[in-house]
Amino acid sequence: EVHHGFLQAYNDVADKFKLALSSQIAAHPSAKILVTGHSLGAALATLAAVDFKRHVGGITDANMELYTFGCPRVGTPEWSDYVYNLIP
């Protein structure tokens with residue numbers, strides 16, 4: 001379970017982000033992907049990284065990293081465990 005407001009804000013831009021990312025992965029398959037943000041941006045970056053890892057082809061543990069700064073609590077402790085296991 002995640003914060004409704006963070007999820008709604010991310011969902012407003014998610015399709016555009018995933019389309020742009022898919023295009024860049026196709027053009028640069030060996031590039032490293034860094035997902036980062038501060039404060040509200042960190043919460044959105046966390047949601048984005050999970051979404052990218054689950055739904056965008058070509059993303060692996062080796063080519064994507066998530067860095068957040070001053071991130072508010074995005075979801076429940078179970079969500080946090082899920083994120084830590086999904087994105088090492």
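In the predicted model examined here, the elements that cover the buried residues of helix α3 include helix α2. Helix α3 spans residues 77-86, and its buried residues are W79, V83 and L86. These three residues lie on the same side of α3, because they cover an arc of only 70° around the axis. Such an arrangement can be read against the geometry of the helix in general: an α-helix has 3.6 residues a turn, so residues three or four places apart point the same way. The face of α3 turned away from the buried side carries P77, E78, Y84 and N85, which are exposed.

The contacts of individual residues give detail to the relation between these two helices. L86, which has its place in α3, touches V50, K53, R54 and D61 when residues up to four places away in sequence are not counted. By contrast with these contacts, the C-alpha atoms of L86 and A42 are 17 Å apart in space, with a separation of 44 residues in sequence. On the side of α2, T46 is in contact with W79 and V83, and also with L66, T68, C71 and V74, once its neighbours within four places in sequence are left aside. T46 counts as buried because its relative accessibility is 7%, under the limit of 20%. The side chain of T46 also reaches back to the backbone oxygen of A42, at 2.9 Å.

L47, which likewise lies in helix α2, is buried, with a relative accessible area of 6%. Leaving out residues up to four places away in sequence, L47 touches W79 and V74, together with V2, F6, L7 and Y10. The last of these partners, Y10, is 37 residues from L47 in sequence, yet the C-alpha atoms of the two residues are 7.1 Å apart in space. Y10 also takes part in the surroundings of D51, a further residue of α2. D51 counts as buried, because its relative accessibility is 11%, and its side chain makes a polar contact of 2.8 Å with the side chain of Y10. Besides Y10, the residues touched by D51 are A14, K18 and V56, again not counting residues up to four places away in sequence.

Helix α2, residues 40-55, also forms part of a right-handed β-α-β unit, in which it is joined by strands β1 and β2. The two strands, β1 at residues 33-38 and β2 at residues 64-69, pair in the parallel sense over six bridges. Within this pairing, L34 stands opposite E65 of β2, and the bridge partner of H38 in β2 is F69. Strand β1 has a covered face made up of I33, V35 and G37, whereas L34, T36 and H38 belong to the uncovered face. This pattern follows a general rule, namely that in a regular strand the side chains alternate between the two faces of the sheet. In the loop between β1 and α2 lies S39, whose phi is near 60°, a positive value in a residue other than glycine. S39 counts as partly exposed, because its relative accessibility is 33%, a value between the limits of 20% and 50%.

The nonpolar interior can be described in terms of its members and of the elements that supply them. The largest nonpolar core holds 22 residues, of which L21, I33, V35, F52, I59, M64 and I87 touch the most other members. Two or more residues are given to this core by each of α1 (4-27), β1, α2 and α3, and the contribution of α2, seven residues, is the most. Two of the residues named for their contacts within the core, I33 and V35, belong to the covered face of β1. I87, another of the residues that touch the most other members, is in contact with A49, V50, M64 and L66, not counting residues up to four places away in sequence. V50 is thus a partner of I87 and is also among the residues touched by L86, while L66 is touched by I87 and is in contact with T46 as well.

How values were computed: Residues are numbered from 1 along each chain as its sequence is written. This is a predicted model: local features need pLDDT of at least 70, side-chain atom pairs count only at pLDDT 80 or more; totals for chains, interfaces and linings use all residues. Side-chain values use heavy atoms; hydrogens and water are left out. Buried means under 20% relative accessible area, exposed over 50%, partly exposed in between (1.4 Å probe, protein chains only). Helices (H or I, at least four residues) and strands (E, at least two) are DSSP runs, numbered from the N terminus. Two strands pair if DSSP finds at least two bridges between them. A crossover is right-handed if, with the strands pointing away from the viewer, the path from the first strand over the helix to the second runs clockwise. A polar contact is a pair of N or O atoms within 3.5 Å; within protein, one must be able to donate a hydrogen and the other to accept it, and residues adjacent in sequence count only if both atoms are side-chain atoms. Contact means heavy atoms within 4.5 Å. The arc is that of the directions from the helix axis to the C-beta atoms. A nonpolar core is a set of buried Ala, Val, Leu, Ile, Met, Phe, Trp, Tyr and Cys residues joined through side-chain atoms within 4.5 Å.
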